[in-house]
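User: I am new to this structure and would like to learn how to read it. Could we start with the pocket and work outward from there?

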Amino acid sequence: MIPFPYDITLDKGTTKDIEFYVLGDDNDTPYYFNGTNATLTYTARMQVRRSYLSEETLVDLSTDPVTDQYVGDYMVFSEEEDGLIEIRISSFTTKTLPPGKHFYDIELEDENGVVCKLLKGRIEILGEITR
């Protein structure tokens, strides 16, 4: 699977919701993350960094609730729609992010350790006037 390039812009101090579908190789059939149609167990994760070389993560989210470290942020597989991943980056988190252009990617890992990159791109944090 080739990662889809997708740039994100958000205002510092606001909540950002992101939703996207993961489709199979035929670009028509959704991945089944939940329910009886799910053939594998998956974990999705997202990280934001200042650069590709940066060791520091600005945002670190996962569908594994044990690894989430930010209040009010989440990344979940939708229970209502097959193939849908929902992400929320809370205003609490975005107000701590430095303005500027940073990098992110989103990966999907199955229970066998096979990892594919779903999305990648720049995330631009715009400065905040009203505090």
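Analyst: In the lining of the largest pocket, E3 gives the most, with 6 residues. Keep in mind that this is a predicted model. Strand E1 (4-5), E3 and E9 each supply at least two residues of that lining.

User: What is the volume of the largest pocket, and which residues are closest to its centre?

Analyst: The volume is about 390 Å³. The lining has 19 residues, and those closest to the centre are Phe4, Tyr21, Val22, Leu118 and Leu119.

User: Where is Val22 placed?

Analyst: Val22 is in the loop that links strand E3 (16-21) to strand E4 (42-49).

User: Is Val22 buried or exposed?

Analyst: Buried means under 20% relative accessible area. Val22 has 3% relative accessibility, so it counts as buried. As for its position relative to Tyr32, the two are 10 residues apart in sequence, and their C-alpha atoms are 9.0 Å apart in space.

User: How should I read strand pairing, and what order do the strands of the open sheet have?

Analyst: The general idea is that strands of a sheet pair through backbone hydrogen bonds, either parallel or antiparallel. Here, an open sheet of 3 strands has the order E3-E7-E6, with antiparallel pairing. E3 and E6 are the edge strands, each pairing on one side only. Direction ignored, neighbouring strands of this sheet are turned by 10° against each other on average.

User: How many bridges join E3 to E7, and how many join E6 to E7?

Analyst: E3 and E7 are joined by 6 bridges, and E6 and E7 by 4 bridges. On the E3 to E7 side, Glu19 has Glu86 in E7 as its bridge partner, and Tyr21, already met at the pocket, stands opposite Leu84 in E7. Met75 has Ile87 in E7 as its bridge partner. E6 and E7 also form a hairpin with 6 residues between the strands, where Gly83 takes a positive phi near 80°.

User: Why is E7 described as largely enclosed?

Analyst: Of the 6 residues of E7, 5 are buried, so the strand is largely enclosed by the rest of the structure. Ile87 gives a closer view: leaving aside residues up to four places away in sequence, it touches Lys16, Asp17, Ile18, Phe20, Met46, Leu61, Tyr74, Met75 and Ile106.

User: What is the general idea behind a nonpolar core, and which residues have the most contacts inside the largest one?

Analyst: In soluble globular proteins, nonpolar side chains tend to be buried together. The largest nonpolar core here has 28 residues, and Phe20, Ile85, Ile87, Ile106 and Leu108 have the most contacts inside it. At least two residues of this core come from each of strand E2 (8-11), E3, E4, strand E5 (57-62), strand E6 (74-77), strand E7 (84-89), strand E8 (100-110) and strand E9 (115-126). E9 gives the most to this core, with 5 residues.

User: What joins E8 to E9, and what joins E4 to E8?

Analyst: E8 and E9 run antiparallel and are joined by 10 bridges; the bridge partner of Gly100 is Ile125 in E9. Their hairpin has 4 residues between the strands, and Gly113 in the turn has a positive phi of about 85°. E4 and E8 also run antiparallel, with 8 bridges joining them. The bridge partner of Arg45 is Glu107 in E8.

Methods. Residues numbered from 1 in each chain as written. Predicted model: local features only at pLDDT ≥ 70, side-chain atom pairs only at ≥ 80, totals over all residues. Heavy atoms only, no water. Buried < 20%, exposed > 50% of the residue type's maximum accessible area, 1.4 Å probe, protein only. Core = buried A, V, L, I, M, F, W, Y, C linked by side-chain atoms within 4.5 Å. Contact = heavy atoms within 4.5 Å. Pairing = 2+ DSSP bridges. Axes fitted to C-alpha atoms, helices over the stretch in contact; angles between N-to-C directions. 1 Å grid on protein atoms, 1.4 Å probe; cavity = no way out; pocket = protein on both sides within 12 Å on 5 of 7 lines; lining within 4 Å. Points joined across faces, edges and corners; volume = space filled by probe spheres on them.
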